[in-house]
Amino acid sequence: MASRSLILMGQVVPCVKRNACKVRIRRMELDQNLLMYFKKEEFLFAHDPQKKCKVGDIVLVKELPQKLTTLITHSVDVVYPYGDVTCPLTGKKVIVGNYRDQIEEANQLYGKSSKAFDYDKAPPRGRLEDKRDFSHRETYMKYHDDGKDQPFAV
């Protein structure tokens, strides 16, 4: 019997399930009439009991050898945390279209601006938890709008 090992890359989206995260996987699908590719999105539930995935993280999704439930069929590993963009080929940090190393070299040549952001002194993600970042909180479904503030509703 041949074993099927499917590995996909996707982005974590808000999820209501416990011990699981919801992952959006984007694929390009060929339209036979137009002979053009269009985006197609799939959603999978992956087993994440340690809650190591946060909303926005880029993750690697692997198929489990045996389904945990009818929905949870995959496991998940964080590849890139949300915020710092990393080039997959070189492994260097990227800002807009340039590597951070190139920007630092240009700052040494021409002088660094006093208003420039310093990435080395910046704290890691998670510093603003419970202040501005509520991605670690439990989310729930918003079934009706009763006029009350529901900050963690999906």
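Two strands count as paired here if DSSP finds at least two bridges between them. Keep that in mind for the tour of this predicted model.

**Stop 1: strands 2 and 3**

Select residues 36-47, which make up strand 3. Now add strand 2, residues 20-31. Strands 2 and 3 run antiparallel, joined by 12 bridges. Click Glu-29 in strand 2, then look across to strand 3. Which residue is the bridge partner of Glu-29? It is Phe-38.

Follow the chain from strand 2 into strand 3. The two form a hairpin, with four residues between them. Pick Leu-35 in that turn: its phi is positive, about 55°.

**Stop 2: a salt bridge across the hairpin**

Stay on these two strands and show side chains. Select Arg-27 and Glu-42. They form a salt bridge, and their closest N and O atoms are 3.3 Å apart. Arg-27 lies in strand 2 and Glu-42 in strand 3, so the pair links distant parts of the chain, 15 residues apart.

Are these two side chains buried, exposed or partly exposed? Arg-27 has a relative accessible area of 35%, so it is partly exposed. Glu-42 is partly exposed too, because its relative accessible area is 26%. The range for that label lies between under 20% for buried and over 50% for exposed.

**Stop 3: strand 1 and its two neighbours**

Select residues 7-13, strand 1. Look first at the side facing strand 2. Strands 1 and 2 pair in the antiparallel sense over three bridges. Click Gln-11: Arg-24 in strand 2 stands opposite. Click Val-12: its bridge partner in strand 2 is Val-23.

Strands 1 and 2 also form a hairpin, here with six residues between them. Asn-19 sits in the turn and has a positive phi of about 55°.

Now add strand 4, residues 58-63. Strand 4 pairs with strand 1 in the antiparallel sense, over five bridges. Which residue of strand 4 is the bridge partner of Ile-7? Select Lys-62 to see it.

**Stop 4: the three-strand sheet**

Move along the chain to strands 6, 7 and 8. They form an open sheet in the order 6-7-8, with antiparallel pairing. Strand 6 (85-86) and strand 8 (98-99) are the edge strands, and each pairs on one side only.

Select strand 7, residues 93-95. Strand 7 pairs with strand 6 in the antiparallel sense over two bridges. Click Thr-86 and look across: Lys-93 in strand 7 stands opposite.

**Stop 5: further salt bridges**

How many salt bridges does a search of the whole structure find? There are seven. Side chains of opposite charge can pair when their charged atoms come close.

Select Lys-92 and Asp-101. They form a salt bridge, with the closest N and O atoms 3.8 Å apart. Lys-92 is partly exposed, at a relative accessible area of 37%. Asp-101 is also partly exposed, at 37%.

Next, select Lys-112 and Asp-118. This salt bridge has its closest N and O atoms 3.8 Å apart. Asp-118 is partly exposed, with a relative accessible area of 26%. Lys-112 counts as partly exposed at 45% relative accessibility.

Finish by selecting Lys-52, Lys-62 and Asp-77 together. Salt bridges that share partners join these three into one network. Lys-62 should look familiar: in strand 4, this residue is the bridge partner of Ile-7.

Terms used:
Residues numbered from 1 in each chain as written. Predicted model: local features only at pLDDT ≥ 70, side-chain atom pairs only at ≥ 80, totals over all residues. Heavy atoms only, no water. Salt bridge = Lys/Arg side-chain N within 4 Å of Asp/Glu carboxyl O. Buried < 20%, exposed > 50% of the residue type's maximum accessible area, 1.4 Å probe, protein only.
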